[in-house]
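Trainee: Before we begin, I would like to understand how each label in a description like this is earned. May I ask for the reasoning behind the words as we go?

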Amino acid sequence: MTHDLSFGWTGTIGEVTLGATRDDGGTRSTSYRIGGGTTLPFLKNAPASPTPLIAFEICDNPDFWSPIIRNYCGDLVNSTTDWAKAATSDYQADLVKLHLTSTKVRNFSDIASVQKTVEAVLSATSLPLIIEGSNEPKIDSEVFLKCGEAGEGERLLLGTAEAGRYRSIAAAALAYNHSIIAQSPIDINLAKQLNILLREIGVQRDHIVIDPYTGSLGYGFEYSYSAMERIRFSALKGDTDLAMPMICSAADTLTIKEVREADPASIDDVAVAWEFYTGVAAAVAGAEIICVRHPKTIGLLREAFAGMKTSSTAAEVP
Amino acid sequence: MRTVTFLPSYRKIEVVRGTTILDAAQRAGLNMNVVCGGQGKCGKCVVYIQSGKTEFDAQKYGRFFTAEELSKGACLACETLVQGDLQVMVPESTLIQEQKILIEGEDNPIDFRPSVKKYFVELHPPTLGDPSPDLSRLLWGIQKSGGPEAEKMYVPLEVLREIPSILRHSDWKVTATIGLVPGGYRCIDLQENDTSGRVYGAAVDLGSTTVVVYLWDLVSGKVVGVASNYNKQISCGEDILARVNYARKNGLTRLQTLATESINSAITSACNTAGIDRDDIYEVVVAGNTVMTHMLLGIDPAYMIAEPYVPVVRRALSVAASRIGIACNPNGGLFAFPAVSDFIGGDIIADILACGMAERDEISLLIDIGTNFEVVLGNKEWMFSCAGAAGPALEGGEVLFGMRANPGAIEKITIDAGTLNPKFTTINNIKPRGICGSGLIDLLAELLETCVIDRTGRINTEIDNPRIRKINHFPEFVIAWAKETDINKDIVITENDIKNLIMSKASIHAACVTLMKEAGISRHEISTIYFAGAFGNYLDKKNATTIGLIPEIEINQIHNLGNGAVVGANIALVNRRVRKQLDEIAHKIGYIELNAENAFMDEYTSSSFLPHTDLTLFPEVQKMLETCRLRKG
C-alpha cells in the first residue's frame, strides 16, 4: 500500500551552520549545515532529508555525570580533553557537546577556568562544538561571554536559552557569532514564543536550534514527540518562527529507574538500548541533532539511520 | 440580650449571647469586608474590642495580628462571640469602601410598550334595573375605557375582596391597574379615584457586588429616579462561591433576605429622590447572574457550584414580588431574566439585549469581565457563549499594589519612552494608593511599548533606570515613589504581578478564540466587540488590544456597553414584547464548557504572550511594537 505523501507543504526548515573550517575563519576540520528539510525524514517517495547528526556529550566535572558512563569510559572522564579526543577518534561522533558541569559547584566563581576548558576541548577535537553553559543566572552572563570569546570564529552552538533566561546567552552569541539552543518545556507555543523573544533582541533565525525538551522513552517522550511533530508541521506549513532545526538530548534516560537499577551485568546494554530507542524516535520526529552519552549508542544510531534512509527517487518505490 | 455598640458611629444593636460580632454588625447595618464569607480565613473583618466580654481564640487567629494590635483588643469579627455588652471600634479599613459604581448604561432609544397600565373608570352604581355584579360592572367599565376585553381579564381573590368597599367608598370612581401576564391580563390593583398617572416600574441589575435600580414612570416613559448600593450579601462572602458555601452552612434565608434588602434600599432611595410612593411600583424586572437570581428567588444554588454545574431553572420567571419581599405594590409582579447556564446568567442575556446583537446579521463579540468573565459570540441566527475564571488580577487582586476602583486607585497611566517616568491619574484625583484594573492594563501596554518588559512580561533588568530594580532577586518597576503616594510606600509592579495579569488576559482571549473556532470564523468577520460591565467602561481600548486581551479589530468597532445588565433590564421593563423574546434568545445560545474543551489549554498558552504567540492575529499591534522597538534601538 502506498500513501500519498505530498502534503502540500510550502515551508522549508531554515539552515543553521555549526562549526567553521579554516576557510570560514575557524579551526574545525568540518562544518555542518543542518536543517533545510522540506518534509519529514525517512519517508519513502519523498525528497530525502539529511541524516541526523550524532553529538556525544562530555563534561568537565564527572561528579555530575551518570555512574554508568563513568564506569564505561573509565579514566577518560577525568580528562575533558582525552574524552573529547575519544569522542572524535574512537566513538566517531559527528559533534562534541561539552557540558560545563564544573559551574554547577556551589558558589562557583572561577570563570577563567571556563575559558581554559573550552580552549582545551577546541584543540583536542576538530569537530564542531556544542557547549552547554552554566545553569545559574548569577554567573550566566560571565560564563557565556567566556565561552563565546574562547570559541570566537568557531561557530559554536551555545546552550541553553529559556524564556526566563535568554538575554545573557544571546548577548554572547551575538557578540561572537555563535548559534543558540532555545529550549522550551515540551510545548509548541512556548517554543515559538522563545524564538520570537530571541529574534526581537537580534538573534537571527539561522542562529537558533530548537530544543523541544526530550523526555525519556516511557517517561514523557510521547509528549516530546507530539510537540516536535507539531513544531515541524507548523514550520513546513510556513511558520518561520518555528522553522529551525531541532536538537534532542534525552539525558534523563540514564537516570530512570529501569536503567539505574538494571542488573550490573547488563546495565550498559539497557542504557544503550534506552538511549538508542529514544534517539531513533526523536530522529523520526524530525530532530536534526541527537545527543547521546553512552559511546556504544553512537554506532547503533548510525547504523539505524543508514537503514532507514530512503532514496528520493521514485523508481525505488515497489 | 446584649447590647453591642459600634464605634465610631455609635450604632447600637441588641443580640443574644453567642452571636458573632460580624452578625451583629450586619444587623446594625455595617457592611464589613468579608472576603472569605466569615470563615476566619481572610483576616479582613478586623475590629477592636474597647470594652466588654467576648470569646475569641487569639491563638488560632493570632497570625493576622501583631502583638501590639492584640493588646489593643484586635480580633476577627466573624470569629468573636458576644458574651456581654460591648463597645467595638470598627476601623475604616474593615468597612467596605465607596466604589466607583457604574450606573449609566448606553443611551438607547427605547421602544415603549409597558405591560402595566392603569384605567380610571367612572361607573354607574347598580340599581334594581341594572343589578349586574360589581366585578362585571368594573371589567366592562375598563373595557369601555380602552382596556382589554372584559372576559380576558383575571381578577385575583385579594383584589376581588376589596372591590365592593372601594367601589362604594369612592362613589364608583376607581382606578384599576391591569397587567399583562403570561396567561392574559390580570387586575393587579384597585384604587379609589383617579391615580392613573401613578404607575411606576423598577429595572434592577442585581450584581454580586452592586445593585442598581432605575425607576420608570410607566405612563410617560421616562426615568424618574436612579439609585445604587452594595449588594449586602458581600458580608456573607465577597465572591459567589463563598456565598453559596455560606448558604450551605447557614441556610439560604439570610442571603435571600440580604438580596431583597439590597434591592429594597435602592428602590427606596430612588423613590425618595423621585418623590413617589413605593406602592405605586407595579413591576420589577431583575437581571442578575444565575446564582444571584436563584438566591433572590430563594432557590437552593448548592448544586450549581460543583460538577456538572446544573442550575435549577434557566427560563424567565414571573412571580408575585411580595412573595420574595420586594418593597413595591403588594400585588406587583417581578420578572426575572432567563439564563443559559450556571455561568451565563440573566445579566448576560440583558447585555445581549442591550447591545442588540441578537437582532443583527453582523457578528458581534460580547465580553463581560469581572473576577469571572463571560463571552458571547454570534448574531441573530446563532450564538455561542462560554465563561471562565479570569482570576482576580484585573480587579486588583493577586497584584501587590492592586486595588479595586476605589478613591486613590491609579486608573490611567502612560510611561515616557525616554525617562520611563509614568504619568497617571487616580480616582478622585488624590495621591495614589494602588492600581486598579484599567490602570493595570495601561501599565502592561506601556511597559511593553517602552521595552521595559518583553513579550512574556519579564522585566529587562539590564535597563539602567532607578525605577527598574530587584528586591530579593525579584524584578519590579516603580510606578510612584513613596513620597508621591498616600501610603508612604513605593508603589511598584512586580514581575509576578505581570505574570498574573498575563494569565488573566490570556484566559479571556483564549475564550474568545475558542468561540471563534467553534463558530468557524476569523477576527475579520467580527463587526463589533462590546465590553459589558464596569470594567469595560474605564479601560483603554487600544491598550486592551495591545496586550491581546481581545482580538484585534478596528478600535472604533469596540464599544463600551456600560452597565449592560441594567440597560437590558430597562428595555425589558418598558417593552413587554421584548420579554417574550428573552427565552428564545437564551435557548438559542450554545454554551461551550471550556473545561471540556481540549483546545482551550493550547489557546491559553498561545495567548500567554504579549499580545499573542501568533503575531499575525495582531498585525497593527505588531507594526506598532516594531516601531517602538526600532525607536529604542
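Mentor: Let us start with helix H3 of chain A, where Ala112(A) and Ser123(A) are exposed on the other side of the helix from its buried residues. Please keep in mind throughout that this is a predicted model.

Trainee: What makes Ala112(A) and Ser123(A) count as exposed rather than buried?

Mentor: A residue is called exposed if 12 or fewer other C-beta atoms lie within 10 Å of its own, and buried if there are 20 or more. Ala112(A) and Ser123(A) fall in the exposed class, whereas Val114(A), Thr117(A), Val118(A), Val121(A), Leu122(A) and Ala124(A) of H3(A) are buried.

Trainee: How do you know that the buried residues of H3(A) line one face of the helix?

Mentor: Looking down the axis of H3(A), one finds its buried residues within an arc of 165 degrees, and therefore they line one face. The elements that cover these buried residues include helix H2 (80–89), strand S4 (95–99), strand S5 (129–132) and helix H4 (137–150) of chain A.

Trainee: How does the span of H3(A) compare with what its residues should give?

Mentor: Helix H3 (residues 111–124) of chain A has 14 residues, which at 1.5 Å a residue should span 20 Å, and because its end C-alpha atoms are 20 Å apart, the two values agree.

Trainee: Why is Glu288(A) called buried?

Mentor: Glu288(A) has 28 other C-beta atoms within 10 Å, and the label requires 20 or more, so Glu288(A) is buried. Glu288(A) sits in the loop between helix H9 (267–285) and strand S10 (289–292) of chain A. Leaving out residues up to four places away in sequence, Glu288(A) touches Ile34(A), Gly35(A), Pro52(A), Leu53(A), Pro245(A), Met246(A) and Ile247(A).

Trainee: Turning to chain B, what makes H11(B) largely enclosed by the rest of the structure?

Mentor: Of the 25 residues of H11(B), 18 are buried, and so the helix is largely enclosed by the rest of the structure. From its first C-alpha to its last, H11(B) reaches 36 Å, close to the 36 Å expected at 1.5 Å a residue, and just after this helix Gly520(B) takes a positive phi of about 70 degrees.

Trainee: Which residues have the most contacts inside the largest nonpolar core?

Mentor: Within that core of 167 residues, the ones with the most contacts are Val204(B), Val213(B), Val286(B), Ile367(B) and Ala569(B). Helix H11 (residues 495–519) of chain B supplies the largest share of this core, 11 residues. A second core, of 97 residues, is separate, and includes Ile13(A), Phe144(A), Trp274(A) and Ile289(A).

Trainee: What is Ile367(B) in contact with, leaving aside its neighbours within four places in sequence?

Mentor: Its partners include Phe373(B), Val375(B), Ile508(B), Ile529(B) and Tyr530(B), and also among them are Phe531(B), Ala532(B) and Ile550(B). A pair is said to be in contact if the two C-beta atoms lie within 7 Å.

Trainee: How many residues of each chain are in contact with the other chain?

Mentor: On chain A there are 11 residues in contact with 10 residues of chain B. Helix H6 (residues 188–200) of chain A gives the most to the side of chain A that touches chain B, with 7 residues. By class, that side of chain A has 4 nonpolar, 3 polar and 4 charged residues.

Conventions: Residues numbered from 1 in each chain as written. Chains lettered and ligands numbered in written order. Predicted model: local features only at pLDDT ≥ 70, side-chain atom pairs only at ≥ 80, totals over all residues. Helix = DSSP H or I, 4+ residues; strand = E, 2+ residues; numbered from the N terminus. Nonpolar A, V, L, I, M, F, W, Y, C, P; charged D, E, K, R; others polar. Expected span 1.5 Å × (residues − 1). Arc of directions from axis to C-beta. Core = buried A, V, L, I, M, F, W, Y, C linked by C-beta atoms within 7 Å.
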